[in-house]
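This report goes through selected parts of one protein chain. Topics include its cysteines, salt bridges, helices and cavities.

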Amino acid sequence: MTAQASKKQPLQEPERSAGGVPFLPASADASDELMSTLRHFHLGEPGAKSTLGKVSSEFLPVSLNSFRDVSKVRYDYPLFLFPAETADGDALAKPLSRFLGDAVEGFAPATESARILKDNLAWIERELCSKLQGQETPVDAAPLVADAAKALQAQLDLKGEHVERLQADLDQLVAAVEAGSQFLGYGRLAAIYLLLHVARCKSAPRRAAFSQEVSQLAASLKALLAVEKSKLASARKSTALKQSIGASNNFFNATAMSKMMNHSQGSTPMAAARRKRIEGALEILDAYQNDPVLVRAVHTDKLGETLLADAADFASVSNADPCSVAAATFDAEAEKLAKVFAALRIAKLESKDAYKPAIHDAWFKNFGWEGFSQEELLLIPTIVAIDNANNVAGSGLSSFSQLLSSGRPVQILVRVQAHNNPAAGEGEDPFQRFRVELGYLGISHRQAVVAQSSAARYEHLLEQYGLALDATRTGLHLVSTGVKSSEGGSLDPWFVASAALEGRAHPFFLINPDAGDDFASRMDFSSNPQAEHDWPNHNYSYIDADGNSITSELSFTFADYALLIPSLKDHFGVVPEGNSSDDLVPVAQWLALPEEQANSSVPFIWAVDGKDVMQRLVISRALVMACRDRRNYWRTLQELAGVRSRYVELATQRASDDAQAAAAAEMDSLREEQAEELERVRTETAAEALGRLADALVGLDLSAALPATAGAPVAATAAPAAAPAEESAPTEVAAAEAEATPEPEEEEVSFDDPWIESILCTSCNDCINLNPLMFVYNDDKQAYIADATAGTFAQLVESAEFCPAKCIHPGKPLNSDEPDLDDLIKRAEAYN
């Protein structure tokens, strides 16, 4: 837990109202005896539970403390459901608050128009919410809005023109509520009602368009038969002619007309098989009527006989094996419509004279739902299997898997308790074994749409419903139900369901096989909070023992969510107030500890009691292992979604290692090249220096240095060559003279002077910045020493040490009085 302090407040222990800023009392190191008790509780010893304080339903995770009073919090429910006939495909529902604001904005867009009504929209919203409190079924919206409008007038008790002005605006608000609109509060069946709403909104326009198409094609078949009938001789008899005229036949002499007509057959009659085929198709199309039932559900309890009994366009049956019965129901509905779809296709072909018996007879003889087009599949009533997770993971697992693999466009809605293990037996602790993840099982059925969501996030739920109902594939919907208020929780069920999403107990995802064959294309993971982290991190504030207002950050884990579930309270123990220890570690940090360190620590979560006092709650080992299991599943989903893939991390590490190895190899190669070049330059420079020395020695005029000797023969050197015996005398004389003459001073060439191998210079500016008088650049922007006396020997050594090319050679110091020369000469040896 990290924290930052802000301004100090006067400290006193005032009366606190639940849901305010929590207070953290001062604490001291816990005794060894207390830590021993906490460790025993963590490890599951029954006797330790009685020693610690009992965790009541008043305890809430720190980050949820401010939501205790739901009347002070606005969230998405109640929802306003648009009528199925007029609902926009992108906006089937919206929160009540947004609907009221949009409705008033529609007829009073100006800022000051409908001012009284706009100022009191929040009151109308609260009035409607109070009427819908505890109502789990949809309620007609128009009467409730009208009642709320009357209640507002009575509440304000305005006088004069204000009453009329407000009433006119209220009338417009009531008129904005279309007939068929409904309000839906948040309850345990909200997800089912939203599924029915989406099915109605999608099915109604499809059914209307299909009925119109059936009528048009039936008319075209009748026209074909009428033309064929006109070819018959009987059609030209007076009786037939009189009947064809209609109501005005009394003004028409049908007998005379019949005598005037040519009774010879001028065209080929229709083949008997074709006529029979057309008449059969026409009979089916004339008999077709839209099924009033849009949704057929199979469920395990009494939903159809209780809460859903009055739902329009809905029919249901109860069965212990919903998935298998739903599959059979789909087959029966498809079989009934197969004849209609076949007749419709035949009508289309016959109207274009495109029916080929050799091709189409066999096709229509075995025509079943597998041959339906997508448009035809969407006309079948929505079939829904409604079940609970425990039944699916138990006795219903086989039929569940078979339906998912069948390809039938049946929707499976599974109600999930996010804290529970669907595979747990009756009365078994949900943390006794690893959790069965039905979502992961659904993903393994690769051709099914799989979605995990919650009615607490209605937009995500509506989106997944819409996609699944359009996909003509089997759809699996795993919906978190939250916790009923009657179960003893102090938090509204909507917040409990939302906490399941935050605590990774019920992560959201959507698998759409139509999007592609790889998970990167078919998986949507974007609706999870802070999806890149193991646990979401949130800021919260509290008052410390010194009265300081502290802002801190804390992770919201599965253990925090579990605190909201009354049946899991025994997994928490209260650490006595005022006690702390370095061995007490927040659960998110505990899960990241090495095993040895984790075994010596005790995990806990921060909670706030009903008096707004922050408390540490130690948690059982079973719960912390469940946290680890949920984190493991979360990381699996992350990897499938590509959010944090270990494969990507390893590939990135390999690429980084390869790049570093390549860079190191290139550096080694450059060093070798540099060393070779340095050696070559040194050799050339030494050779050049020796050459200059040799040239200097050879170029000396030694004769000019000899003293002039009196009486010496001046022309001796010009004498012609003599016999060998005569040559020895001058030679000996020259040798003697040379020996007597002092040697001239040689030009002094020293290798102790500072110098730079300019060809290796990288133009890094280090030496130039150090002393621009001593070091300068040549025309190629490579450094050389312009004046060695313009700086110190220390600067020469320092520049050699800094030089990345190691091309500066300090030589020996020019100034023997410079301080610290012994150390500088030793440092310079590495660069000379």
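## Cysteines

Cys-129 is partly exposed, with a relative accessible area of 25%. In this predicted model, Cys-764 takes part in no disulfide. The nearest cysteine sulfur to that of Cys-764 belongs to Cys-803 and lies 5.7 Å away, whereas a disulfide needs the two sulfur atoms within 2.5 Å. Cys-764 is partly exposed, with a relative accessible area of 32%. For the structure, the count of disulfides is zero.

## Salt bridges between separate parts of the chain

How many salt bridges are counted in the model? The count comes to 34. One of them joins the side chains of Asp-313 and Arg-200, with a distance of 3.5 Å from N to O. This pair links distant parts of the chain, 113 residues apart. Asp-313 sits in the loop between β8 (295–299) and β9 (314–318), and Arg-200 belongs to helix α8 (residues 190–230). Is Arg-200 buried or exposed? Arg-200 is buried, because its relative accessible area is 16% and the limit for buried is under 20%. Its partner Asp-313 is partly exposed, at 31%.

A salt bridge also forms between the side chains of Asp-286 and Lys-222, at 3.7 Å from N to O. Asp-286 lies in helix α11 (residues 272–287) and Lys-222 in helix α8, so this salt bridge ties together parts that are 64 residues apart in sequence. Both partners count as partly exposed: Asp-286 has a relative accessibility of 44%, and Lys-222 has 43%.

## A salt bridge within one helix, and a network

The side chains of Lys-336 and Glu-333 meet in a salt bridge of 3.3 Å, N to O. Both residues lie in helix α12 (residues 322–351), where they are three residues apart, about one turn of the helix. An α-helix has 3.6 residues a turn, so residues three or four places apart point the same way. Glu-333 counts as buried, at 8% relative accessibility.

Salt bridges can also be linked to one another. Arg-274, Arg-277, Glu-350 and Asp-353 are joined in a network of salt bridges.

## Helix α24

Helix α24 covers residues 621–641, which makes 21 residues. From its first C-alpha to its last, α24 reaches 30 Å, close to the 30 Å expected at 1.5 Å a residue. Buried residues of α24 include Leu-623, Val-624, Tyr-633, Trp-634 and Leu-637. Charged residues of this helix are buried too, among them Asp-629, Arg-630 and Arg-631. After α24 comes Gly-642, whose phi is positive, near 75°.

## Gln-464 and its contacts

Gln-464 is placed in helix α18 (residues 458–470). Gln-464 is buried, with a relative accessible area of 1%. Which residues does Gln-464 contact, leaving aside its neighbours within four places in sequence? They are Ala-451, Gln-452, Ser-453, His-477 and Leu-510.

## Cavities

The structure holds seven cavities of 30 Å³ or more. The largest cavity has a volume of about 160 Å³. It is lined by 15 residues, and those closest to its centre are Leu-377, Ile-380, Thr-382, Pro-409 and Leu-469.

Which elements give two or more residues to the lining of the largest cavity? They are α8, β10 (382–388) and α18. Of these, α8 gives the most, with three residues.

Technical notes: Residues numbered from 1 in each chain as written. Predicted model: local features only at pLDDT ≥ 70, side-chain atom pairs only at ≥ 80, totals over all residues. Heavy atoms only, no water. Helix = DSSP H or I, 4+ residues; strand = E, 2+ residues; numbered from the N terminus. Buried < 20%, exposed > 50% of the residue type's maximum accessible area, 1.4 Å probe, protein only. Contact = heavy atoms within 4.5 Å. Expected span 1.5 Å × (residues − 1). Salt bridge = Lys/Arg side-chain N within 4 Å of Asp/Glu carboxyl O. 1 Å grid on protein atoms, 1.4 Å probe; cavity = no way out; pocket = protein on both sides within 12 Å on 5 of 7 lines; lining within 4 Å. Points joined across faces, edges and corners; volume = space filled by probe spheres on them.
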